[in-house]
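Keep the sequence and the 3D view side by side. The paragraphs below go from one loop to the sheets, then to the helices and the cysteines.

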Amino acid sequence: MSRSKWWKCDLQVATPAWKFKLPAGSAFRFEEPAERQRFLDNYMESVKAAGLELIALGDHNTGEWIDDIKIAAGRHGVVVFPACEISTHTGADGVHLLIVGDCEKSTQDFDRLIHGPIGFSEQALRYLPGPDKTPGRSPKTIRQILDDLPVGYIAIAPHALSENGLGSASTVKGDVRWQAIHHERLLAIDCGDCANPEGDSFNAKFRRRDLDDFPRLNTIAYVATSDAYSLDEIGKRFTWIRMGEPTIEALRQALIDPDSRVICDWSPRLQSFQDQNPNHVRHKWIETLSMTGLANSDSPLNLRFHPNL
């Protein structure tokens, strides 16, 4: 069994699939494999420079870069959760939903997901006609997408209190928002910096988990993501997540136990750890246990314990 540890994660980073801002003065010909690889090496160097070990992608309505990102991540020792950000049919302009799949998922898997359970088709285009490649809305509501989400995928509500966010009062109201937030397939919400939300506004109470009519807020995981659209934004916001091997099931289990397995970059808990790294153990622990005189063995039984047990 692998040892549990805290992973420094950014669960929403974009790629050049849509409106990604390249470094000033750079020029990459992405249609050429060597140029694509050169950019992706720079991309992974930015991930590593931010101290990240794990990222999840967040391109709008596409998994186009998943396969290439995974290959580059393998060269640099970074874990990638394939993912994409979906514009649903809920709300004035479509509430956004981040769909995350297991590390083994490919571009083809997400293409099938997007044109299957997510609902895009020749009649419901992923991008509107025109040069700007504006993301289209799925014909399915956020609740329908959560209902139809296959096993092996989880859902996160990104930038929940901002434009197109699930918690934004200007995006969607009433029982539709309530039902989505309380849906069992929605496992986490990013609602910004929740360190010291003051005041009586809806957003402040949302961040404090202080809305009596939204009981799910008391238990659902809050995460911090960068939603990065440039190399220098990657890892600007992050979440520490405690897992063994990074699989979608391990991530799911961590998100349903946020009090002991999720720490956002804004959390005061981080200040109590050396270098704000929860892997630096502060407590005493039993390192080894040796048992002798066993009835069924002449040799002692030696057990070693991990400090994070």
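Where does Lys19 lie? In this predicted model, Lys19 belongs to the loop that links strand 1 and helix 1. Its backbone deserves a look. Lys19 is not a glycine, yet its phi is positive, at about 55°. The residue counts as exposed, with 58% relative accessibility.

Asn164 also has a positive phi without being a glycine; the value is near 65°. Asn164 sits in the loop between strand 7 and helix 5 (174-181). Is Asn164 buried or exposed? Asn164 is buried, at a relative accessible area of 9%.

Stay in that loop. Leu166 is found between strand 7 and helix 5. Leu166 is buried, with 1% relative accessibility. What does Leu166 touch, beyond residues up to four places away in sequence? The list is Val95, Ile142, Ala157, Ala160, Val172, Arg177, Ala180, Ile181 and Leu186. For a sense of distance, take Asn61. Leu166 and Asn61 are 105 residues apart in sequence, and their C-alpha atoms are 17 Å apart in space.

Now the sheets. Strands of a sheet pair through backbone hydrogen bonds, and they do so either parallel or antiparallel. One sheet here is open and has six strands, in the order 3-5-6-7-8-9, with mixed pairing. Which strands stand at its edges? They are strand 3 (59-60) and strand 9 (221-222). Each has a single partner strand, so one side of each lacks a neighbour in the sheet. Further in, strand 5 (residues 83-87) pairs with strand 6 (residues 96-101). The two are antiparallel, over five bridges. Find Ala83 to see the register: Val100 of strand 6 stands opposite Ala83.

Another open sheet has five strands, in the order 4-2-1-10-11, again with mixed pairing. Strand 4 (79-81) and strand 11 (262-264) form its edges. Each of these has a single partner strand, so one side of each has no neighbour in the sheet. Neighbouring strands of this five-strand sheet are turned by 30° against each other on average, direction ignored. Strand 1 (residues 5-13) and strand 10 (residues 239-243) run antiparallel, joined by five bridges. Lys8 has Trp240 of strand 10 as its bridge partner.

Next, see how helices lie on these sheets. Helix 7 (residues 248-255) lies across strand 6, strand 7 (153-157), strand 8 (186-189) and strand 9. Helix 7 runs at about 40° to strand 7. Helix 7 also lies across strand 4, strand 10 and strand 11, at about 110° to strand 10. So helix 7 lies across strands of the six-strand order and of the five-strand order. Helix 1 (residues 33-49) lies across strand 1, strand 2 (54-57) and strand 4, running at about 125° to strand 2.

Helix 1 has a helix partner too. The axes of helix 1 and helix 2 (residues 66-76) come within 9 Å and cross at roughly 60°. That angle makes helix 1 oblique to helix 2. The crossing is right-handed. Which residues make the contact? From helix 1 come Arg36, Gln37, Leu40, Asp41, Tyr43, Met44, Glu45 and Lys48. From helix 2 come Asp68, Ile69, Ala72, Ala73, Arg75 and His76.

Last, the cysteines. A disulfide is a covalent bond between the sulfur atoms of two cysteines. How many disulfides does the structure hold? The count is zero. Why does Cys103 have no such bond? Its closest cysteine sulfur, in Cys9, is 10 Å away, which is too far. The cut-off for a disulfide is 2.5 Å between sulfurs. Cys264 is in no disulfide either; the nearest cysteine sulfur, in Cys194, is 7.0 Å away. Cys264 is buried, with 3% relative accessibility.

Cys103 is buried as well, at 14% relative accessibility. Look for Cys103 in the loop between strand 6 and helix 3 (107-114). Neighbours within four places in sequence aside, Cys103 is in contact with Lys70, Val79, Val80, Phe81, Pro82 and Pro246. Ser267 lies elsewhere: from Cys103 to Ser267 is 164 residues in sequence and 27 Å in space, C-alpha to C-alpha.

Note on methods
Residues numbered from 1 in each chain as written. Predicted model: local features only at pLDDT ≥ 70, side-chain atom pairs only at ≥ 80, totals over all residues. Heavy atoms only, no water. Buried < 20%, exposed > 50% of the residue type's maximum accessible area, 1.4 Å probe, protein only. Pairing = 2+ DSSP bridges. Helix = DSSP H or I, 4+ residues; strand = E, 2+ residues; numbered from the N terminus. Contact = heavy atoms within 4.5 Å. Axes fitted to C-alpha atoms, helices over the stretch in contact; angles between N-to-C directions. Parallel < 35°, antiparallel > 145°, perpendicular 65-115°, else oblique. Left-handed = near helix turned anticlockwise from the far one by under 90°.
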